[in-house]
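Please read the points below with the sequence and the coordinates open beside you. They are meant for someone who has not met this structure before.

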Amino acid sequence: MILGSGVHLTRLGLVQLPSLVRLDLLHIQLRKLADMANLRFDGRVALVTGAGGGLGREYALLFAERGASVVVNDLGGDIKGAGKSQRAADKVVSEIRAKGGKAVPNYDSVEDGEKLVKTALDNFGRIDIVINNAGILRDRSFARTSDLDWDLVHRVHLRGAFQVSRAAWPHMKNQKYGRMIFTTSSAGLYGNFGQANYSAAKLGLVGLCNTLAVEGAKYNINCNSIAPFAGSRLTETVMTSDMVDALKPFYIAPIVAYLCHDTCNENGGIFECGAGWYAKLRYQRSKGVVVRKKGVKYTPEEICRTWDVGTDFEDPSYPSNIQEANSVMVEALHAYNQSDEPTNDIQNKSGGGFNPSKAIGFQFPSSTFTYSSKDAILYALGVGVSTQQEDHLKFLFELNENFCVLPSYGVIPAQVIMDLIGSSIPGLEDIDVTKILHGEQYLELHRPLPSSATFTSVATVIDILDKGSGALIVIGIETFDESEQLVAYNQFILFLVGSGNFGGKRNSDKIKPCCKTPSRAPDASIKEVTSVDQAALYRLSGDRNPLHIDPTFAAMGGLPQPILHGLCSFGYATRHVLKQFADNDVSKFKAIKVRFSKPVLPGQTIQTDMWKEGNRILIQCQVAETGSVVLSGGYIELTDVAGGATTVASSTEQGNSGLQSEMIFNEMGKQLAAVPDLVKKVNGVFLYNITVGKKIAGKWTVVAKAPSGEVYKGEPKTGKADCTVTIADEDFVGLVTGKLVPQQAFMAGKLKVKGNIMLLQKAGQLFQQNAKL
């Protein structure tokens with residue numbers, strides 16, 4: 001499998017400011033703009049390496065001016081790395097203090113990264129921002145570059161950034177916050193004569209930054225690279241004195257400050273900047289061409305023959321991560337596997353590349369999806385949650401003690417798979433994606449969704465049915481968390497118009513069936529008016545189909561205006577059932593199944609009719625203004641229904657202590673032996689003090705150490721616990737069921753921890769993944 005393609009960097013989002021001849025005016029404008037924005041760093045601690053002059057000095061001054069406490073690091077050597085002096089760092093610290101700012105000097109080499117970070121911790125108690133700016137130059141043509149020239153440059157630029165960043169990393173992880181900047185260069189991005197050592201180190205920093213951006217995302221550690229174009233002692237060797245004077249470091253500092261601010265979510269970006277201008281770079285790849293084919297000898301001559309096609313950028317792609325970059329290779333392999341002679345597989349009688357038997361059983365490349373509480377809130381707004389409703393805070397305010405994620409959000413992590421439909425499924429390459437309709441949807445949650453997470457989804461084509469007028473494509477998607485525990489299962493049923501009559505089966509027992517709507521009057525009904533902006537808001541959760549926003553595009557499909565997403569109505573129905581039969585308790589949700597019948601226009605009223613049949617609530621949604629049914633044959637499965645059996649066990653059911661938490665510990669004790677890998681991963685002893693009122697009502701010890709774990713009443717038999725937790729009985733149940741967010745409980749004083757607090761997060765996995773509540 002060989003895919004020929006070209007890759008290069010393109011600029012995005014260019015911001016062109018006035019010409020260089022008006023730099024003084026621009027300086028004033030930038031200051032005013034910065035002041036208007038009022039982006040502050042109060043309480044933050046910034047470490048700037050190489051801050052004794054040039055760019056580093058400007059960064060240090062700006063951070064201090066904006067309220068940050070700054071560690072000014074500079075070894076005080078010359079541009080080739082020779083010598084050492086405290087003068088440069090001391091001078092910048094004096095400037096900052098003279099203006100009322102907070103700063104301390106550090107004179108260590110960046111290769112001693114631990115010492116730099118220790119200076120921040122000893123003086124300010126934390127580390128929030130790292131600017132990897134230190135560097136030296138030892139320019140030589142490649143043929144004249146010595147081992148020393150190579151090694152010294154790499155030790156300062158690449159190894160130094162690694163050492164400093166590694167020292168700061170655990171502190172940023174613990175506090176769930178960090179910002180890092182890596183200073184690359186045009187020489188690294190494009191190459192430059194006489195700077196082979198410098199160029200290699202600078203591009204290496206981009207790779208380091210990109211990986212840390214991936215690894216740090218779940219800890220709210222954002223990492224970005226900048227390629228500054230400014231006059232400094234390091235650039236004097238490659239720029240004229242006039243250019244050095246004109247390209248002042250000041251014009252770099254604002255973008256660095258913004259990238260390090262709490263409000264900036266940029267992560268893994270590469271930015272060129274200078275002279276009041278900045279641009280973001282991205283990788284652009286040519287479409288490429290599959291060269292290897294069955295029956296054709298693969299030779300250099302075949303590469304030569306296809307070169308113009310393989311390197312043509314007329315229809316490029318823009319891979320932004322390794323999964324996107326590698327997915328095209330999978331497509332190439334599929335193309336190769338299908339390049340043989342036709343077999344006796346079922347073929348679409350209408351011709352084309354529709355071959356269902358090749359598609360059934362196909363598994364997509366796994367896809368990752370990361371979301372935060374902000375994304376969950378945006379989704380809640382998209383499906384109609386309003387501040388005018390009861391219980392709105394639990395869905396819209398991340399610091400609310402009952403904050404939770406709507407269960408229907410479980411379709412969103414799986415929806416990224418749908419972008420691959422029609423492009424990578426063997427046997428379905430030639431289908432017209434404009435003829436695909438979303439027919440039915442099933443979602444099952446194995447536990448409540450956390451307020452933020454990174455999930456991995458694996459999708460499989462589980463069946464394709466012949467419905468005469470079209471083909472029914474059934475795709476099952478399993479979504480796992482980072483510990484590889486199943487979180488959700490989705491089943492997307494897609495109807496491909498005009499691709500029926502291919503001789504396939506009509507029915508499948510693999511499809512989650514719909515339910516017949518009762519003929520009796522509904523047991524409950526809720527009406528809710530959608531906003532005229534509902535589709536525009538919902539699409540921000542991932543479905544960017546122009547059919548839902550662009551009137552021209554909607555008109556091409558014969559629609560009077562853009563329509564609401566079917567999955568938005570799906571979210572409304574979920575909310576209505578939770579409100580009516582579950583007291584808005586998301587932990588009671590188990591599954592939902594619906595068939596999409598007709599669209600809703602933004603501004604119309606969705607009416608959800610509900611019939612209670614045990615723990616299953618049958619549902620049908622219609623547009624109140626027209627009576628058109630939009631969701632049919634649907635149901636929502638609950639673990640318990642309000643008004644039915646009580647959801648809280650009685651005292652006799654809870655055990656001898658009368659504590660709700662006791663049944664959780666008992667169940668955990670039964671299951672701990674079945675998860676030795678997880679026990680080994682946790683590797684700790686925990687003491688739980690369960691309180692009622694102000695008194696401790698029960699003590700439980702959880703031993704999670706290889707080869708297996710155990711749970712028992714009382715204090716640890718082996719002595720002191722690694723971590724001791726004190727929490728009220730009802731709050732403990734809330735934590736385990738996901739109703740109470742651990743961070744919020746800790747900040748509110750409901751969760752008190754002594755000992756190794758980092759172990760507590762691991763212990764949470766034992767309860768949340770294994771306790772059968």
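The numbered points that follow take up a sheet, a helix packed on it, and one threonine.

1. As a caution at the outset, this is a predicted model, and the points below should be read in that light.

2. The sheet is an open one of 10 strands with antiparallel pairing, and its strands follow the order S12-S14-S15-S16-S13-S18-S21-S20-S19-S17. Its edges are formed by strand S12 (367–371) and strand S17 (524–529), each of which pairs on one side only. On average, and with direction ignored, neighbouring strands of this sheet are turned by 20° against each other.

3. Within the sheet, strand S15 (residues 470–480) runs antiparallel to its partner, strand S16 (residues 486–497), and the two are joined over 11 bridges. For a reader who wishes to locate this pairing, Leu 472 has Phe 495 in S16 as its bridge partner.

4. Helix H18 (residues 566–581) packs on the sheet, where the strands it touches are S13 (436–445), S17, S18 (589–596), S19 (605–613), S20 (616–623) and S21 (629–638). The direction of helix H18 makes about 50° with that of S19.

5. Elsewhere in the chain, Thr 184 sits in the loop between strand S7 (178–183) and helix H6 (186–190). Is Thr 184 buried or exposed? Because its relative accessibility is 1%, Thr 184 counts as buried, the cut-off for that term being under 20%.

6. Leaving aside residues up to four places away in sequence, Thr 184 touches Leu 189, Lys 202, Leu 203, Val 206, Ser 225, Ile 226, Ala 227 and Pro 228. With Lys 202 there is also a polar approach, in that a polar atom of the Thr 184 side chain lies 3.0 Å from the backbone oxygen of Lys 202.

How values were computed. Residues are numbered from 1 along each chain as its sequence is written. This is a predicted model: local features need pLDDT of at least 70, side-chain atom pairs count only at pLDDT 80 or more; totals for chains, interfaces and linings use all residues. Side-chain values use heavy atoms; hydrogens and water are left out. Two strands pair if DSSP finds at least two bridges between them. Helices (H or I, at least four residues) and strands (E, at least two) are DSSP runs, numbered from the N terminus. Axes are lines fitted to C-alpha atoms, for helices over the stretch in contact, and angles run from 0 to 180 degrees between N-to-C directions. Contact means heavy atoms within 4.5 Å. Buried means under 20% relative accessible area, exposed over 50%, partly exposed in between (1.4 Å probe, protein chains only). A polar contact is a pair of N or O atoms within 3.5 Å; within protein, one must be able to donate a hydrogen and the other to accept it, and residues adjacent in sequence count only if both atoms are side-chain atoms.
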